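Biologist: I should like to go through the terms used for this model and the grounds for each of them.

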Amino acid sequence: MLSKKEIYKQAYKELEHRRLKRQLDRTNNLKIASSICPEIKILSTSLSKTAIALSKSILSNSSNQSEIIKRIHEENVKVQNQINKLLIENGLPQNFLSPPPVCSRCEDFGFVDNKKCSCLIKLVKKILTKDLQKSSNFYLTSFKDFNLDYYSKEYDAKYGTSPYEHMSSIFKICKEFADNFPNSSEGFVMCGLTGLGKTHLSLAIASEVISKGFAVIYSTASEITRNMSDRYFHREQNNDIDYLKLIVETDLFILDDLGTEFDSAFSKSAIFDIINSRIPLHRPTIINTNLSPRDLEKKYGERIVSRIFSTLNTLSFTGTDNRKHSLIKKLPRH
Ligand SMILES: Nc1ncnc2c1ncn2[C@@H]1O[C@H](COP(=O)(O)OP(=O)(O)OP(=O)(O)O)[C@@H](O)[C@H]1O
Ligand SMILES: [Mg+2]
Ligand SMILES: [Zn+2]
């Protein structure tokens with residue numbers, strides 16, 4: 001995981017990159033505009049000259065300084081208006097020579113009145129989220145790769161339909177959740193035995209939600225408790241970066257393999273603090289588990305589990321371990 005210093009270093013680098021790009025755009029656009037209309041080049045050179053004259057007169061301290069500054073300013077506005085007129089006449093946008101910054105509040109410097117600008121805070125969050133994803137082997141799958149033919153079409157009395165039909169409707173629910181995000185339900189508990197596609201479908205959702213520009217944090221229950229206890233007990237170098245807050249506030253949180261983490265009072269409270277804090281914020285959570293609702297209750301207590309099941313929709317996966325299909329696909333053909 002990145003240290004706080006590295007995270008800010010990356011954020012400042014990105015801001016610098018934005019400023020540099022703007023500068024380059026400005027120079028390139030001036031070249032383009034000058035080749036279309038040479039007069040623009042002459043006028044913009046005279047603008048730079050007035051800027052030099054202005055700084056000289058400020059330094060000179062002469063008696064009629066304010067008069068000179070006023071005149072230079074008026075001259076400047078006049079030239080600027082002439083340039084704007086020429087730009088429009090030549091079919092170019094009015095701000096062609098002064099492309100806007102990504103953030104108009106801080107002009108991409110990251111600070112306003114010595115305070116961090118919201119764009120810098122957003123950038124830091126983005127880098128943190130990416131870093132959390134990287135440290136948890138986050139790989140993305142897609143709905144397209146999800147094969148419904150893996151599920152039997154034979155009637156199963158438990159579901160009153162075939163596994164194929166049952167999984168088709170789960171697939172549809174997940175797809176709709178991703179399509180409607182962020183106006184989706186509060187999330188899901190995906191229950192079922194190993195290899196039935198729970199992680200696959202939750203990461204297919206993540207992939208679509210990320211491509212819409214939302215922040216997603218994926219973590220297994222073991223990773224989350226390990227991370228939280230490292231931070232809590234060892235007071236790591238990052239202790240002024242609030243990871244818990246970051247996870248609580250992320251647009252979508254996927255908690256995989258609930259029930260496989262090291263069982264402790266700390267891990268239980270860390271996990272349920274996160275889930276409980278997200279519910280009133282209406283930030284969706286997806287929880288995957290091999291445990292049945294009854295086993296979950298035994299492990300985590302009735303109160304917590306009933307809160308989860310009353311908020312999140314339960315999706316009970318069915319079928320037989322699909323890993324055999326993906327293994328067959330990966331075997332070399334002779
Ligand atoms: N319907 C499916 N179509 C295509 N691939 C699938 C399907 N279901 C599962 N797979 C693949 O099989 C493997 C196991 O699936 P996945 O990891 O999603 O299972 P799981 O339900 O999360 O199991 P576990 O409970 O052990 O975590 C993955 O490589 C996954 O991509
Ligand atoms: Mg899984
Ligand atoms: Zn800003």
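Biologist: Why is the largest pocket said to lie between domain 1 (4-118) and domain 2 (136-330)?

Modeller: Both domains, whose bounds come from an automatic or database assignment, give residues to the lining of the largest pocket, so it lies between them. This is a predicted model, in which local features need pLDDT of at least 70, side-chain atom pairs count only at pLDDT 80 or more, and totals for linings use all residues. Residues are numbered from 1 along each chain, and side-chain values use heavy atoms, without hydrogens and water.

Biologist: Which helix gives the largest share of the lining of the largest pocket?

Modeller: Helix H4 (118-134) gives that share, with 11 residues; helices are DSSP runs of H or I with at least four residues.

Biologist: What makes Tyr 8 and Tyr 12 a tilted aromatic pair?

Modeller: Rings of Phe, Tyr and Trp (its six-membered ring) pair if their centres lie within 6.5 Å; planes under 30 degrees apart are stacked, over 60 edge-to-face, and the rest tilted. The centres of Tyr 8 and Tyr 12 are 6.0 Å apart and their planes differ by 45°, so the pair is tilted. Both residues lie in helix H1, four residues apart.

Biologist: How do you know whether Tyr 8 is buried or exposed?

Modeller: Buried means under 20% relative accessible area, exposed over 50%, and partly exposed in between (1.4 Å probe, protein chains only). Tyr 8 has 17%, so Tyr 8 is buried. Tyr 12, at 37%, therefore counts as partly exposed.

How values were computed:
Chains are lettered from A and ligands numbered from 1 in the order in which they are written. Helices (H or I, at least four residues) and strands (E, at least two) are DSSP runs, numbered from the N terminus.
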